[in-house]
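Please open the structure in a viewer and keep the selection panel at hand. The tour proceeds by selections, each followed by a description of what is found there.

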Amino acid sequence: MFTGRAVFHCFVPPFYGRLLGRQLIEIGYYSLPVVGLTAIFTGMVLALQSYTGFARFNAEGAIASVVVLSITRELAPVLAGLMVSGRIGAAMAAEIGTMSVTEQIDALTTLSTNPFKYLVAPRLIAGVLMLPVLVLVADIIGVFGGYLVSIYKLGFNPTVYLERTWDILEPLDVISGLVKAAVFGFLISLMGCYHGYHSRGGAQGVGAATTNAVVSASVLILAFNYMITELFFAI
Amino acid sequence: MANPIPKIEISELHKGFGQKTVLDGLNLEIAEGESVVVIGGSGTGKSVLLKNILGLLTPENGSIKVDGEETVGMSWPDRETVLNKIGMLFQNAALFDSLSVWENVAFGLIEGGGMKRNEAREIAVAKLSDVGLAPDIGKLSPAELSGGMRKRVGLARAIATEPEIIFFDEPTTGLDPIMGDVINDLIVERVKQLGATALSITHDMASARKIADRIAMIYKGKIIWAGRVDEIDDSGNEFVDQFIHGRAEGPIQMDVRAG
């Protein structure tokens with residue numbers, strides 16, 4: 001019911017452009033460092049671990065393919081989703097939860113402002129729009145991380161590595177990751193808003209809402225990741 | 001000639017939470033331009049009454065009419081029209097932390113009324129002045145204000161849209177007696193200036209005597225006595241007598257254990 005109301009108010013005016021802009025910056029711009037760092041280290045580790053395994057079968061040449069496919073199809077969306085869930089989902093639950101227990105949401109209503117339109121809709125829209133952007137950035141940085149390790153530590157030829165990366169990559173690899181990201185962005189914002197909106201009982205209630213938002217969003221991300229992967233697997 | 005239709009008319013209002021009945025067939029009428037204060041102990045349903053009128057809670061039974069129009073079960077667009085007539089001062093002011101003081105005061109004008117920010121800012125500064133706050137205060141964040149200042153800002157926000165009806169939820173709770181009296185004076189002045197109808201809930205008898213034309217006492221979810229403010233000392237009601245004199249002994253037995 002909460003989800004239905006939240007989605008409905010994303011499409012029905014009035015729209016709060018200022019609040020949407022603020023959320024776009026909060027979710028997108030301010031999450032760039034954490035997502036970027038996660039991506040670069042993941043790409044670097046992936047190259048090293050792939051080398052350890054593939055060297056046993058003399059298949060080191062497949063490292064570039066493994067790095068780019070793992071990053072774009074799986075690791076960038078899931079890890080970015082989990083990191084943003086910890087950063088943004090928790091912040092949303094804490095902010096809306098505090099507003100709930102201090103009667104600020106009631107005050108919104110008495111000032112003829114629908115809390116779903118004012119608080120929930122901008123966060124949902126921003127989550128759905130910004131997660132794919134973050135994941136696209138994570139794709140590039142993650143592949144770059146694998147490239148750095150492969151070239152400077154493992155001694156690969158840069159041109160050959162880039163060629164293999166580019167040859168194996170298909171549009172669907174990136175698109176499937178971006179679709180996952182949009183769904184994860186929706187889930188993160190929804191869980192943050194839902195648990196914040198329903199928090200009760202002062203500081204303890206807000207703390208519980210924050211924990212529940214992060215845990216439920218993380219579990220949903222992993223579950224939906226499997227479902228979306230299976231969906232694309234069939235294509 | 002006085003308007004024969006009460007500004008607010010509440011009939012047989014029932015509301016409970018789980019097994020606990022909070023409002024048990026409450027009846028109350030408030031005439032246009034009248035200031036009614038509902039008194040009663042903690043947990044007797046005062047705040048629940050206000051939240052039902054505002055539509056923040058939905059009653060199980062009963063009727064709430066504003067200007068003769070039934071509000072129970074109203075859809076959001078109609079509710080919005082009713083809420084546009086109402087201003088509310090919350091117990092802890094409920095100021096929006098993410099907005100500056102002036103943006104809080106102007107919120108109803110900008111978001112509810114679609115007014116331009118510059119125009120709304122001028123009105124907000126004027127309303128802050130009406131409650132005795134300097135224009136500089138408008139730039140501050142609510143976190144930087146004292147309890148008394150927060151109440152004043154809450155009052156400025158409640159009157160900013162010049163509503164026909166204003167609700168006051170425990171307006172003096174948490175304030176020292178002098179600041180409490182300042183807030184009471186401001187409430188009386190601003191309500192008179194607007195010609196608004198006021199409904200306040202409090203357990204502070206000094207506040208009730210100052211701001212009320214009429215006082216109603218709520219006990220176990222019902223209005224057990226209502227009369228003019230000058231009649232309360234001779235109400236002849238032992239529940240009212242016990243409450244206004246703050247006596248532990250009497251017919252009202254306070255629950256000392258939760259539940």
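The stops below pass from domains to a sheet, a hairpin, a core and some single residues.

**Before starting**

This is a predicted model, in which local features need pLDDT of at least 70 and side-chain atom pairs count only at pLDDT 80 or more, whereas totals for chains, interfaces and linings use all residues. Residues are numbered from 1 along each chain as its sequence is written, and chains are lettered from A and ligands numbered from 1 in the order in which they are written.

**Stop 1: the two domains of chain B**

Colour residues 1–85, 165–171 and 195–259 of chain B as domain 1, and residues 86–162 as domain 2; these bounds come from an automatic or database domain assignment. The centres of the two domains, taken over C-alpha atoms, are 26 Å apart.

Next, select the boundary between them. Here 12 residues of domain 1 are in contact with 10 residues of domain 2 of chain B, contact meaning that C-beta atoms, placed from the backbone, lie within 7 Å. On the domain 1 side, the elements that give two or more residues are helix 2 (76–83) and strand 7 (165–169) of chain B. Helices (H or I, at least four residues) and strands (E, at least two) are DSSP runs, numbered from the N terminus. Strand 7 of chain B provides the largest share of that side, five residues. By class, the domain 1 side holds eight nonpolar, one polar and three charged residues. In this classification Ala, Val, Leu, Ile, Met, Phe, Trp, Tyr, Cys and Pro are nonpolar, Asp, Glu, Lys and Arg are charged, and the others, Gly among them, are polar.

**Stop 2: where chain B meets chain A**

Show both chains: 16 residues of chain B are in contact with 11 residues of chain A. Helix 2, strand 6 (86–89) and helix 3 (101–112) of chain B are the elements that give two or more residues to the chain B side. Helix 3 of chain B gives the most, with four residues. The chain B side comprises 10 nonpolar, four polar and two charged residues.

**Stop 3: the six-stranded sheet**

Select strands 6, 7, 8, 3, 9 and 10 of chain B, which form an open sheet in the order 6-7-8-3-9-10 with mixed pairing; two strands pair if DSSP finds at least two bridges between them. Strand 6 and strand 10 (222–228) of chain B are the edges; each has a single partner strand, so one side of each lacks a neighbour in the sheet.

Within the sheet, strand 7 and strand 8 (residues 197–202) of chain B run parallel and are joined by five bridges. Label B:Asp169 and, opposite it in strand 8 of chain B, B:Ile201. Then add helix 8 (residues 238–245) of chain B, which packs on the sheet and touches strand 3 (35–39), strand 9 (214–219) and strand 10 of chain B.

**Stop 4: a hairpin and its neighbour strand**

Select strand 1 (residues 8–17) and strand 4 (residues 61–66) of chain B, an antiparallel pair with five bridges. B:Ile8 has B:Val66 of strand 4 of chain B as its bridge partner. B:Val66 also stands opposite B:Glu69 in strand 5 of chain B. In the hairpin of strand 4 and strand 5 of chain B, two residues lie between the strands, and B:Asp67 takes a positive phi near 55 degrees.

**Stop 5: the largest nonpolar core**

Which residues have the most contacts inside the largest nonpolar core? Select A:Ala80, A:Leu187, A:Cys193, B:Val105 and B:Ile166, in a core of 135 residues. Such a core is a set of buried Ala, Val, Leu, Ile, Met, Phe, Trp, Tyr and Cys residues joined through C-beta atoms within 7 Å. A residue is buried if 20 or more other C-beta atoms lie within 10 Å of its own, exposed if 12 or fewer, and partly exposed in between, with C-beta atoms placed from the backbone. Helix 4 (residues 63–101) of chain A gives the largest share, 18 residues.

**Stop 6: single residues**

Most residues other than glycine have a negative phi, and most peptide bonds are trans. Centre on A:Pro13 and A:Pro14, which are joined by a cis peptide bond with omega about 5 degrees. Move to A:Ser112, whose phi is positive, near 60 degrees; A:Ser112 is buried, with 21 C-beta neighbours inside 10 Å. Finish at B:Glu12 in strand 1 of chain B, where phi is positive at about 45 degrees.

Terms used: Two residues are in contact if their C-beta atoms, placed from the backbone, lie within 7 Å. Axes are lines fitted to C-alpha atoms, for helices over the stretch in contact, and angles run from 0 to 180 degrees between N-to-C directions.
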